[in-house]
Amino acid sequence: MEDQKESLRKITNTLALKNEEIQNFISSLKQNLENVQMNANRAQDDLEGEFSSLYSVLDELKESMVTRIKQERAARVYELQNQVSTCTKALESSEELLELANHTLCSSAMDGFNQAAKDIKDSVTMAPAFRLSLKPKVSDNMSHMMVDFTQERDMLQAIKFLPVPSTPEIQVSECQVCDNTVMVVWTLPEPDTKIDHYILEHRRTNHEGPPRVREEYPWMVVEGIRHTEHTLTGLRFDTRFMTFRVKACNKAVAGDFSEPVTLETNAFLFKLDSSSSHQNLRVEDLSVEWDSSGGKVQEMRKEKNRTSSPMNSPARNAMMSPKRAPSARVGRDRFTAESYTVLGDTMIDAGQHYWEVRFDKESKAFAAGVALRSLGRFDQLGKSSASWCLHLNNWLQQSFTAKHNNKARTLDCPIPDRIGVYCGFEEGVLSFYNSRTKQLLHTFRTKFQQPVIPAFMVWNGSFSVQTGLQVPRVVQSGQRRSSGTSSSNASIN
């Protein structure tokens, strides 16, 4: 009976997942339908706008050219009319002289003939008719005002919709995820010299399948990419996956997005468990400050945080990270007296993990490391067999030591303001690094018999933790080189 129920539960779960997948696909189709209508209307409006603009250009050009023809005609008519008027006047004067000359020749009176002939000769010499140019000042040819739009007409007839760039394809096998960076590589179906740039979009998600219509995180956009690959750096991996898509753009339009590709972004993610903290520690998200007042203010903050704790977030619960650690004791007395300690909310019981902590180097005391859940409420980090840590002491005399089981080894190195912590559970390795230079500060080698939890202590100071980090490659390389070799720090393991 129980086997049948279990089988039916599996079938029910499978059907529920399939129904959710189909529902998500239907929502996507409906969204695509809306997008088709919207994009088609926008394309039609743009087309009509472009043609209207073209008509306006042609009308303006026609008006300008007609105006030039009118101006040229007016100028030539003016010149020719002036020339006709001048010639007419010269002709009238010449005809008067001709009539006078004929009259003089026909006259029988000889008195004054010589003087009249001389006057007529002088008048002819000075007559306007003999100073005229009998060549038109302007030509009647207007061929330079003719047009031939054959080439332009052919160009207009060749107008087509813009060539859309082909859709890229992300090459999953060539993409890399490491050191909290992601390198995305893509190709085009065929070379396209007209591609101007690419647009890459990415977003965080806790779902491995295709993007959902309603995702918790928005798309982030990277524009102006000139090559067929791009590297995102300085990421914090606080979700299980990241989804990527890319499209190509020429000078005019953008093509379609590629098929989305989801890459796994494994990283160690945890929060500080305020319920485990000493009452004198003010815990806000991943930051901690020593507060001598303690008391009700801290309690009120804890009550507020419990209702909206990241431990209760569905997105957090979906993370396939190490196991959440329920507090052994909830309340202000989890740590007391001089054990100014706060623990992480995630147990480490397998794998390799890395996180960093930035601290105030002027703190009276500070420690970071790991501890067992059985760490006592009065235990200070490093002073029992249940914890391993680096410890900074600025009280009376400064010291920087590696501590475990109440044994300490002084570290002969500059004190960094930011420490990287590496924990390899199966190997029993706990290493500390200067997170800026990745210089190894100290390594504990042991055999963890129980799960461990990130642990921190501060007195008269403050610190902040950065999680969602992958193990840096330089740390991985160093761990591989030292694997199998004995540690010089074995005396305090």
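## Exercises on sheets, helices and loops

In this chain, Trp 355 stands opposite Val 421 in strand 18. The exercises below concern a predicted model.

**Exercise 1. Determine how strand 13 and strand 18 are joined, and place them in their sheet.**

Solution. Begin with the pair itself: strand 13 (residues 352–359) and strand 18 (residues 418–424) run antiparallel and are joined by 7 bridges. The facing residues Trp 355 and Val 421 belong to this pairing. Next, consider the sheet, which is open and contains 7 strands in the order 10-11-22-13-18-19-20, with antiparallel pairing. Its edges are formed by strand 10 (281–284) and strand 20 (439–445); each has a single partner strand, so one side of each lacks a neighbour in the sheet. From one strand to the next, the twist averages 20°.

**Exercise 2. Identify the strands that helix 6 touches, and state its direction relative to strand 19.**

Solution. Helix 6 comprises residues 473–482 and packs on the sheet. The strands it touches are strand 13, strand 18, strand 19 (429–434) and strand 20. The direction of helix 6 makes about 135° with that of strand 19.

**Exercise 3. Establish whether helix 1 and helix 2 are roughly parallel or roughly antiparallel, and describe their contact.**

Solution. First, take the geometry: helix 1 (residues 2–106) and helix 2 (residues 113–125) pack at an angle of about 160°, and their axes lie 10 Å apart. Second, apply the cut-off, by which angles over 145 degrees count as roughly antiparallel. The two helices are therefore roughly antiparallel to each other. Third, note the handedness: helix 1 passes helix 2 in a left-handed crossing. Fourth, list the residues in contact. Helix 1 contributes Leu 97, Leu 100, Ala 101, Thr 104 and Leu 105, which meet Phe 113, Ala 116, Ile 120, Ser 123 and Val 124 of helix 2. Finally, classify these residues: 8 are nonpolar, 2 are polar and none is charged.

**Exercise 4. Describe the open sheet that contains strand 14 and strand 15, and find the residue opposite Phe 366.**

Solution. This open sheet of 7 strands follows the order 9-12-21-14-15-16-17, and the pairing is antiparallel. Strand 9 (272–273) and strand 17 (407–410) occupy the edges; each has a single partner strand, so one side of each is left without a neighbour in the sheet. Within the sheet, strand 14 (residues 365–372) pairs with strand 15 (residues 387–393) in the antiparallel sense over 7 bridges. The residue opposite Phe 366 is Leu 392 in strand 15.

**Exercise 5. Locate Asn 180 and Asn 460, and decide whether each is buried, partly exposed or exposed.**

Solution. Asn 180 lies in the loop between strand 2 (176–178) and strand 3 (181–187). Although Asn 180 is not a glycine, its phi is positive, at about 55°. Buried means under 20% relative accessible area; at 6% relative accessibility, Asn 180 therefore counts as buried.

Asn 460 lies in the loop between strand 21 (452–459) and strand 22 (462–466). Asn 460 likewise has a positive phi of about 55° without being a glycine. With a relative accessible area of 30%, Asn 460 is partly exposed.

**Exercise 6. Summarise the secondary structure, burial and contacts of the chain.**

Solution. The chain has 6 helices and 22 strands. Of its 493 residues, 36% are buried. Among contacts between residues at least 6 apart in sequence, 68% join residues at least 24 apart.

Notes
Residues numbered from 1 in each chain as written. Predicted model: local features only at pLDDT ≥ 70, side-chain atom pairs only at ≥ 80, totals over all residues. Heavy atoms only, no water. Pairing = 2+ DSSP bridges. Helix = DSSP H or I, 4+ residues; strand = E, 2+ residues; numbered from the N terminus. Axes fitted to C-alpha atoms, helices over the stretch in contact; angles between N-to-C directions. Contact = heavy atoms within 4.5 Å. Parallel < 35°, antiparallel > 145°, perpendicular 65-115°, else oblique. Left-handed = near helix turned anticlockwise from the far one by under 90°. Nonpolar A, V, L, I, M, F, W, Y, C, P; charged D, E, K, R; others polar. Buried < 20%, exposed > 50% of the residue type's maximum accessible area, 1.4 Å probe, protein only.
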